[in-house]
Amino acid sequence: MAVAPPHFFFTTMPPPPPAAVSPTQDDLKRMAAHRAVDYVKSGMVLGLGTGSTAVHAIRLIGDLLRRGELSGIVGIPTSKQTEEQATEAGIPLSDLESHPSVDLAIDGADEVDPHMNLVKGRGGSLLREKMIEGTCERFVVIVDESKLVDYIGGSRLALPVEVIPFCCNYTLERLRRLFVDSGCTAELRIEKGKPFETDNGNYIVNLYFERDIGDLNEVSDRILRLPGVVEHGMFLGMATTLIVAGKLGVTVKEKLELAS
């Protein structure tokens, strides 16, 4: 008697869902920058920031101009690098002498404390950034969540100070001595074996702190009183809007929220 072969039943299972891919730091920067561009309206004079976050906003503004979704935009670049990027993006450019009133500035930051005070200028453009962003009606700061700190200097990364080249090491030592109680280390920024030069022909002294430096307005005044110092990278009370991109999405904080 023949025996029937066994019957095998195969069920086709759907493939497992792809694992969620965490956004990269550059993805987060892009998210924050694109959210900031929502504030841009036709006819505005814009302060165009410098750095790896601001460039995403510059490129999107250029795209919107090409598509006709924005018009009449004038950009004021905060560095030579930004000038090149904005020109490539097709953004018409000017300067503060021709447009002394700036409607909106968009820029990144190296540190942001809970009061929306900033450290900026680790790219070396702090003086022009402060001149342009200090005159705008609205200053939108765009960062990824890694830039949030408990206090200025809390990342243990550099607070840049722009100094004139003349006797720069003398100025460096005077800056260091201002913050001995905060465990300050001061270093001249060196690139390719020589002092880094800003767009203004000056040098950068990087200050590193082991502890909180205290009252920021007092610190600002002490730094700026030193002969040889041009400007520092603390942007105090200047930001009006903070956009933070994190793995859970984008959050927006307005300066008015801090006062309430």
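This report describes the sheets, nonpolar cores and helix packing of a predicted model.

**Two open sheets**

One open sheet has four strands in the order 8-11-7-12, paired in the antiparallel sense. Strand 8 (185-188) and strand 12 stand at its edges with a single partner strand each, so one side of each has no neighbour in the sheet. On average, neighbouring strands of this sheet are turned by 25° against each other, direction ignored. Three bridges join strand 7 and strand 12, which pair in the antiparallel sense. Within this pairing, V161 has H232 in strand 12 as its bridge partner.

Another open sheet has three strands in the order 4-5-13, and its pairing is also antiparallel. Its edge strands are strand 4 (111-112) and strand 13 (234-235), each of which pairs on one side only. Strand 4 and strand 5 (residues 118-119) run antiparallel and are joined by two bridges. Here E111 stands opposite V119 of strand 5.

**Helices against the four-stranded sheet**

Two helices touch strands of the sheet with the order 8-11-7-12. The table gives the strands concerned and one angle for each helix.

| Helix | Strands | Angle between directions |
|---|---|---|
| Helix 4 (residues 126-133) | strand 7, strand 11 (203-208), strand 12 | about 65° with strand 12 |
| Helix 5 | strand 7, strand 8, strand 11, strand 12 | about 160° to strand 8 |

**Helix 6**

Which residues of helix 6 (residues 216-224) are buried? They are L216, V219, S220 and I223. These residues lie on the same side of helix 6, because they cover an arc of only 100° around the axis. Among the elements that cover them are strand 7 (159-163), helix 5 (168-178), strand 12 (229-232) and strand 13. At the N-terminal end, D215 caps helix 6, with a side-chain oxygen 3.1 Å from the backbone nitrogen of N217.

**Nonpolar cores**

The largest nonpolar core has 27 residues, and V40, I61 and I91 have the most contacts inside it. Elements that give two or more residues to this core include helix 1 (25-36), helix 3 (80-89), strand 3 (102-107) and strand 14 (241-246). Helix 2 gives the most, with six residues. Leaving aside neighbours within four places in sequence, I91 is in contact with L48, I58, I61, G62, L65, I73, G75 and A86. A second, separate core has 23 residues, including V119, I152, L188 and I213. V119 of this second core is also the residue that stands opposite E111.

Key: Residues are numbered from 1 along each chain as its sequence is written. This is a predicted model: local features need pLDDT of at least 70, side-chain atom pairs count only at pLDDT 80 or more; totals for chains, interfaces and linings use all residues. Side-chain values use heavy atoms; hydrogens and water are left out. Two strands pair if DSSP finds at least two bridges between them. A nonpolar core is a set of buried Ala, Val, Leu, Ile, Met, Phe, Trp, Tyr and Cys residues joined through side-chain atoms within 4.5 Å. Buried means under 20% relative accessible area, exposed over 50%, partly exposed in between (1.4 Å probe, protein chains only). Contact means heavy atoms within 4.5 Å. The arc is that of the directions from the helix axis to the C-beta atoms. A polar contact is a pair of N or O atoms within 3.5 Å; within protein, one must be able to donate a hydrogen and the other to accept it, and residues adjacent in sequence count only if both atoms are side-chain atoms. Axes are lines fitted to C-alpha atoms, for helices over the stretch in contact, and angles run from 0 to 180 degrees between N-to-C directions.
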